[in-house]
Structure formats: structure tokens, C-alpha cells
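Grab a pencil and work through these short exercises. Try each task yourself before you read its solution.

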Amino acid sequence: MKTMMMIFVMSIFLSSQASEIDVNTWANYQEVALDHLNLEWLLDLPNKFINGTAEYIFTFQKSNIQKITLDIYYLNIEFVYLTNGVVLPFTIEYPLPESDQGQRLVITLNRVYNAKEILTLRIRYSITTKSRAISFMDVEQTYTKTHPYLFSQCEDANCRALAPLQDTPAIKFTYNATILWKNVWQKDIDVFMSADSAKTQHNLPLMGQYDATTLSIRRFVQVRRIPSYLIAIVAGNVELRKVGARTNFISEADKTRLDQYAAELVDMEEMLISIEKYIGPYLWGYYTLVIQPPSFPIGGMENPLLTFANPSIMTGDGSGLSVAIHEMAHSWFGNTVTCVNWPNMWINEGFTVFLERKASQIYYTQKENAQKAIDRILIDATTGNSSIYEYIRDENLWQSTFSTLHPDTTGINPDDTFSEIPYERGFQFLRTLELIVGESFFQNLLQAYQKLFAWKSIDQQDFRDFFITTLKQSNVAEKAAKINQINNIWQDWVFTPGMPPSKLDFSTQAITDAIALADAFITSAGAVPANAASYNQYITPQKYIFLQHLIDKAAEKITIDIIKTLDTELKLTESKNGELLFRWFKVILLAKEQDTSRYGNIVVFLQNNGRGKLIYPVYTALAARNLNLAQNTYLTAKSFYHPIARNNLEQILKIK
């Protein structure tokens with residue numbers, strides 16, 4: 001019966017397509033769609049330059065089309081041509097330059113094309129340090145201090161800085177890549193991409209212009225359809241280590257560091273299996289995690305076969321590996337089923353957080369016990385709810401679409417809407433739906449949803465239609481009333497600004513204990529509370545709750561004496577956990593009385609970490625106390641930060 005029901009539901013949706021358009025692309029992707037991309041790049045890491053050729057195979061979706069428009073971001077376009085050598089005229093337009101969404105490359109075709117026709121064309125271009133998708137790192141910025149290093153970061157709409165593209169999650173395509181670099185600095189260099197390694201590949205004209213005996217070559221093939229933002233590359237003195245049957249990691253080739261990471265990542269295969277137990281088989285073959293240099297601007301990036309992670313997740317005790325589980329979960333939600341545009345980002349992130357927490361409960365129940373595993377989930381959800389409240393409050397977004405699950409990104413860079421909203425409000429909405437229909441039914445529904453929409457891009461209406469149709473065809477008790485309830489809450493959860501429309505209960509004794517201990521330190525006024533040592537027995541998320549409560553009370557009650565006692569007893573400044581440190585430094589900076597003796601530790605932390613989640617709030621708090629110190633701290637380390645981080649920090653610090 002279940003199989004027949006799902007066949008019925010699938011028959012309804014197989015030919016459906018998301019109706020929402022992407023307002024953050026200049027490409028005419030509704031008229032012509034990219035099916036396959038061939039890339040060839042000659043890397044020049046010492047000079048921070050990439051010479052590139054891209055070959056595109058397009059299929060026309062509509063008739064009477066005589067131009068193709070693509071997204072670019074300060075790429076040097078040399079010429080556009082057909083495979084028969086015919087050169088095509090092009091122009092570069094600058095729509096909405098103040099929005100920082102790049103330029104429109106307008107290619108005039110050799111004739112009028114009609115629906116279902118296929119066209120292959122090529123573009124010669126180059127990438128420089130103007131690219132906001134590429135971080136060219138100097139030797140001094142690496143761990144090993146032996147070779148330059150390169151990595152990309154394309155999400156949200158930054159892949160237009162890697163190649164002229166239909167830079168929208170609405171379009172999915174396969175890709176091949178040939179990466180070349182000169183042997184003069186080849187020693188110990190390796191390259192990886194978000195694709196499988198390949199021995200042979202179609203050669204573009206660029207290769208013929210160089211002596212192959214002087215070049216090193218890596219070839220890649222991605223046979224699964226992905227959106228542009230999942231194209232990724234890392235190049236440098238890096239090494240791959242296998243840690244499980246399907247799991248690997250990559251890091252700079254420092255043996256001590258590699259050994260440390262291998263020990264901490266030994267459970268990656270178990271994490272992957274935990275996710276599979278909830279949602280179904282992993283479809284990508286192998287899974288590789290890249291531990292990036294510390295300037296990587298985010299906690300993790302879910303590039304398929306090449307997930308990137310900031311080294312701040314490697315704490316030595318495994319306490320930061322929730323990021324790894326989250327990025328693994330993207331293999332189902334985000335990479336396989338994808339949002340059609342950035343206002344629907346919760347289709348990626350909310351679903352991934354939901355799956356991450358289900359899988360974490362499975363994993364940590366095996367590693368610890370059931371109660372601690374549940375506590376982790378409830379505390380994470382509580383912390384997430386606090387983060388969206390603070391974001392809405394601090395940015396005064398009570399009436400803004402930026403506080404909804406469907407922000408209006410018209411005329412702006414979608415990066416500017418980034419927050420915890422799609423993650424945490426998205427998770428809470430899915431948890432609300434689960435409470436209505438029951439855990440077992442919801443798990444089965446998500447498994448069917450993931451299978452049906454695999455390799456497609458969808459919007460929230462697609463999910464809603466699928467959900468309601470599946471529920472209608474089910475034998476769930478009182479389904480008519482539940483369908484009515486879901487329809488009544490959907491609009492508010494997705495589109496109404498402010499905090500989530502209903503409050504979920506994430507309470508647990510572990511939270512109560514952490515808050516009580518924080519209050520004990522405050523009321524002790526510098527003395528050591530009797531139960532101070534209990535902090536050392538807390539699970540890591542519980543420590544975050546403890547610190548968050550101190551943050552909430554800092555401006556009113558935290559004195560220098562309390563700060564000194566906290567640090568002496570709990571060794572907070574000595575922690576290797578960046579998530580803990582940034583909260584602790586916020587306590588110091590927001591405190592009623594300022595302990596400037598610890599500002600030096602804060603500066604060191606900021607200049608050696610590039611992860612936005614860790615440094616943006618600390619820079620904001622430091623700037624409020626001492627804008628000159630904050631600006632000088634940033635300017636001293638500016639070259640260390642990724643372009644995305646630089647852009648955000650210069651807004652925070654009012655640097656033009």
C-alpha cells in the first residue's frame with residue numbers, strides 16, 4: 001500500500017518544476033539552460049592568476065533566442081567562440097552595480113535558435129585577485145610555509161567569479177575539469193575538486209598552447225548534476241588521508257597535524273552511517289572533508305566530494321564535529337535536493353539542520369547515552385533559537401523579510417541576507433510539522449521527498465504540495481484536521497516577519513543547570529561558587545548555554561572580579577574551541593566593567609581566525625568598545641581574511 005501510494009504521489013510531481021524565479025542572476029536561464037560544463041584552468045599560484053577556458057553545452061528552452069546572458073564578476077573576458085572557430089560578439093553590462101552582484105555578459109549568437117536545439121560554445125578568460133570566489137594565499141598564510149595555496153568559496157552567488165555561468169541554484173549541470181600548473185613549482189602540490197578524479201578528459205584548445213612536459217595535470221569529472229555554487233577547488237601542499245571505508249580528509253601536508261586530524265576524525269564513517277539510518281543511502285560514493293587554513297570564512301561548505309571546513313572545528317576533543325555532521329547531511333538536502341533560489345535557502349539549510357540533529361541523536365546515543373544525546377539536540381536548538389532572536393533584535397528586523405524563511409533578495413547580494421534564520425527557523429518549522437503528523441510518518445515522508453526531488457531544484461511551494469498530497473493519500477489518523485492545521489500555519493511560518501510564530505519546548509535539566517551555575521558565578525561577585533567544578537563535566541553545548549547566559553547578563557552584572565574568577569577557575573581563555581572562545585570574548589567585551597588586560601588575547605584570536613561566525617560578533621563588540629583598536633586589528637590582518645570576510649568586516653567596522 002505504501003509503495004502504491006508513493007507511485008501515485010510521484011506521478012503528480014515528476015513533471016513539475018519550481019515556479020519561483022531567481023532574481024539574483026543576470027542569466028537568461030529560463031530561455032536557455034546549461035547541461036554540461038568543461039573547464040580548463042592553468043593555475044599560477046605564485047602570481048595569483050588563473051588562465052581559463054570554459055566550454056558550455058546549452059539546450060534552448062524557448063524559441064526565437066539569439067543571445068545568451070551569463071553572470072560574471074570582474075573576470076577578464078578575452079573572446080567567445082563556437083567550436084568551428086566562429087567568434088561571437090559580446091558586451092559586458094553593469095546592472096545594479098551598487099548591489100555588488102557582478103556584471104552581465106551578453107553574447108550575441110550566430111543565428112536564431114529554437115527550443116530543444118543544442119549549442120556548444122567556448123569562452124577564453126582569466127581570473128585575478130578581484131575574484132571574490134577565490135582566495136589566493138601567500139606562503140606565509142599557510143601552515144606548512146612551503147607553497148602558496150588556493151581555495152574557492154562560491155555560495156551564495158559567487159561562482160560567477162570563477163567562470164561565466166548561469167550562477168543560480170535553479171540550473172543544475174554536470175562538469176569536467178582539467179587543472180594544469182607549471183612544474184617549476186610542482187613539488188608537493190596537489191589539486192582536488194568537487195568531482196571524481198579522472199584519467200582522461202576532453203582537451204580544450206588551451207592545452208595545445210603549452211608544452212605538456214612542463215606542466216602537471218589533474219583531471220576531474222562530476223557526473224551528477226549540481227548547481228554552480230557547488231563547483232569547488234583546493235590547490236596547495238595538501239595530502240589526502242583515508243579514515244573509513246568511504247570517508248577521507250585532506251589537509252596541508254604537515255605530518256603532526258595530519259595525525260592529529262586523523263585521530264579526531266576517526267568516526268567519520270560512523271557519522272555517515274548515522275545519517276543513512278534516518279534518511280537512506282548516501283548517493284555520492286565517497287565523502288572527503290578538507291580542513292582548510294584558518295582564513296576560510298565559514299564553518300563548513302558542503303561541496304560534494306570535497307566538503308570544506310574551518311580548522312576551528314578541530315578542537316582536539318571532538319567537540320566541534322557537529323559541523324562535520326551538518327555538512328555530511330547536506331549530501332541529501334542541498335546537494336541532491338536544492339533550493340531553486342536564495343530566498344528558499346531554508347530548503348537547503350533547515351532540512352539539513354533537521355537531519356543533522358536526527359543523525360546526531362543516533363550517533364551520540366551510541367557514543368554516550370540516550371539522555372546526553374537528547375540534551376545535545378535540545379541545547380543546540382535552544383542556542384539556535386537564541387541566535388535568531390539576537391539577530392532580529394540587533395538588526396531591528398521585526399518587520400523585515402530578512403527574518404522570514406523567504407527573504408526578499410531583489411537588488412541585493414544574497415550574501416547580505418545570510419543569518420541563522422533559514423537554519424534554525426527552518427528546523428523549527430520542520431519540527432512543528434513532525435509534531436503534527438508524527439515522527440514515523442515524517443521520516444518516511446522525508447525519505448520519499450528526497451528520492452522524488454533528487455537532482456532537482458525546488459521551492460517551498462513544491463515541498464508544501466508534496467507534503468499535503470502525501471498526507472492526503474496516507475492512512476494517518478485525523479488527516480483532514482491535520483491538513484487544515486498545516487495549511488493554517490504555513491503562511492506565518494514561511495512569510496511572516498519576526499520570531500517564529502509558535503514557541504517549541506526545548507527545555508532540559510542540562511540547560512537549567514548551566515544557567516544556575518552562571519548565576520552562581522554572578523552572585524558570588526568574584527568568589528568561587530561551591531559547584532564551580534561541575535562545569536568541567538558539562539557536554540560542550542551545555543558550556544555554550546553557560547556562556548550565553550553570561551553574555552545576556554554581561555552589561556548589567558559582569559565585573560572585572562567575576563571575569564577573573566571565571567578565567568582562573570574554568571581556564572576559558574586557554575580553550576582551543578573557537579565556538580567557546582568567541583562567546584567568552586563577548587562576555588569580556590560586553591561586561592559592565594572592562595578587563596582591558598585580556599584585549600591582547602582577543603586581538604590574537606581575531607587575527608588568527610577567519611570564520612565569520614566566530615569573528616563578526618567579536619569585532620562588533622570590540623568596535624563598540626574601541627573602534628580604533630578594532631579597525632587597526634583588522635587592517636593589520638586584512639590580507640589574511642577571505643574576500644567574503646573582508647567585505648563583511650569592512651561593513652561592521654565602517655571601513656570604506
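**Exercise 1. Place N413 in the chain and work out its surroundings.**

Step 1: N413 sits in the loop between α6 (370–395) and α7 (421–437); helices are DSSP runs of H or I with at least four residues, and strands are E runs with at least two, numbered from the N terminus. This is a predicted model, where local features need pLDDT of at least 70, side-chain atom pairs count only at pLDDT 80 or more, and totals for chains, interfaces and linings use all residues. Residues are numbered from 1 along each chain as its sequence is written, and side-chain values use heavy atoms, leaving out hydrogens and water.

Step 2: Is N413 buried or exposed? With a relative accessible area of 4%, N413 is buried (under 20%; exposed is over 50%, partly exposed in between, using a 1.4 Å probe and protein chains only).

Step 3: Now look for neighbours. Leaving aside residues up to four places away in sequence, N413 touches S99, D100, Q101 and R132 (contact means heavy atoms within 4.5 Å).

**Exercise 2. Find the edges of the open five-stranded sheet.**

Step 1: Write down the order, β16-β17-β18-β20-β19, with mixed pairing (two strands pair if DSSP finds at least two bridges between them).

Step 2: β16 (238–242) and β19 (300–301) each have a single partner strand, so they are the edges, and one side of each has no neighbour in the sheet.

Step 3: Zoom in on β19, which runs antiparallel to β20 (residues 307–309) and is joined to that strand by two bridges. Across from F308 in β20 you'll find M301.
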